[in-house]
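Reader: I am new to protein structures, and I would like to learn how to read one. Could you take me through it step by step?

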Amino acid sequence: MANKSSLIIIRTLLARLSLGAFCSGQALADELGLSRTAVANYIAQLQDLGLDIYSVKGRGYCLAHPITLLDAAEINTIEKNQRPPVLVHEITDSTNNQLLQRLGKDAKPELGTAIVAEAQTEGRGRRGRNWYSPFGTNLYFSMYWHLNHGLQAAMGLSLVVGIAIVRTLQAEYQITAKLKWPNDVYINQQKVAGVLVELAGQVDAVCDAIIGIGLNVTMPIEATKRIDQPFTTLAAHTSKSINRNQLVIALQTSLMEVLSEFCQHGFTPFVAEFNKVNQYQDKPIKVISSFEKIGVCRGVDKQGALLLDIDNRIEAIYGGEISVRGQD
Ligand code: BTN
């Protein structure tokens, strides 16, 4: 992970590059008080973190796409009074890890506290997979919540997080997204976001939940080599410019709303909404775990279990290491 002074250098480099024009290596070196070789090394680090930077002899460096950096000051001034804090990290291992570490400290974070990062070096996905987390392009977001009924409530919680993402995309960009149970978010059959909920404490009583969300906003060219399933980005589905700082607030606000309702009334009020945006509602699916089952997806029940219609007999499938595939 980069230390503080190198982070300041990286920030300054990005601030210059994000203006969109070519910057000569010498001009950057002069401004930063570094050698041109040192500048080239920092640029290489950013390229390793997945940022598309062109280097053209005689002209210098240029970003392939303009970016707006996450900005703690901007995030924390928008509707500040009604919201828990959002902490902005530049390069971190995993925003879920960072929140989990905070739980070990004396004072727990305020409910709804979020951490976002520009890049993750050890981003985690479900089922032990990595989550590719290039710099400055997507959203890597984790939020603290807690559950009064531990594991029993975890499944519903994970589903309502998906609903909060779908609502956010509709409200902010008029994008109609779908959910693949339990909580992958799809646009036109391609994954745009994933959710990783991790629990800490007593799983059968009050426990802490870290809600991790990876949301593709724009992806570097490298992504096609690094991601082994069909994926898409928000930018591919809207002509609106996407301000990630505003997106962070919209997501946090939507999550707070659904989670407060979920804590009061459970998953029942969300069943119809989930089924409406269910990617496979009434479609043939295969459920893969330690077993494989084929049937027609009939949505979810009020616990959030997946309902699989196997020859007119409905079987409820509960969470765990399960994956669902369409059979069309
Ligand atoms: C999935 O496999 O679909 C879940 C992906 C979750 C990725 C997010 S990015 C922010 C948070 N930090 C992590 O390490 N993982 C989650």
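Reader: Which helices and strands each supply at least two residues of the shell around the ligand?

Author: Good place to begin, and keep in mind that this model is predicted. Helix α5 (95-103) does so, together with the strands β5 (139-147), β8 (190-201) and β9 (207-215). The largest share comes from β8, with 4 residues.

Reader: How many residues surround the ligand, and which are the closest?

Author: There are 20 around the ligand, and S94, Q120, R124, R126 and K191 are the closest. By character, the shell divides into 6 nonpolar, 10 polar and 4 charged residues.

Reader: Which atoms of S94, R124 and R126 lie by the ligand?

Author: For S94, look at the side chain: one of its N or O atoms is 2.8 Å from an oxygen atom of the ligand. For R124, look at the backbone instead, where an N or O atom lies 2.7 Å from a ligand nitrogen. R126 also uses a backbone N or O atom, 2.7 Å from an oxygen atom of the ligand. On its own the ligand has 420 Å² of accessible area, and the protein covers 97% of that.

Reader: Now a helix, please. Why do the buried residues of α2 line one face?

Author: First the general idea: an α-helix has 3.6 residues a turn, so residues three or four places apart point the same way. In α2 (residues 25-32), the buried residues are G25, L28, A29 and L32. Viewed down the axis of α2, they fall within an arc of 100°, so they line one face of the helix.

Reader: What follows α2?

Author: G33 does, and its phi is positive, near 65°.

Notes:
Residues are numbered from 1 along each chain as its sequence is written. This is a predicted model: local features need pLDDT of at least 70, side-chain atom pairs count only at pLDDT 80 or more; totals for chains, interfaces and linings use all residues. Side-chain values use heavy atoms; hydrogens and water are left out. Buried means under 20% relative accessible area, exposed over 50%, partly exposed in between (1.4 Å probe, protein chains only). The arc is that of the directions from the helix axis to the C-beta atoms. A residue is near a molecule or strand if one of its heavy atoms lies within 4 Å of it. A polar contact is a pair of N or O atoms within 3.5 Å; within protein, one must be able to donate a hydrogen and the other to accept it, and residues adjacent in sequence count only if both atoms are side-chain atoms. Accessible areas come from the Shrake-Rupley method with a 1.4 Å probe; for residues, only the protein chains shown count as cover. Ala, Val, Leu, Ile, Met, Phe, Trp, Tyr, Cys and Pro count as nonpolar, Asp, Glu, Lys and Arg as charged, and the others, Gly among them, as polar.
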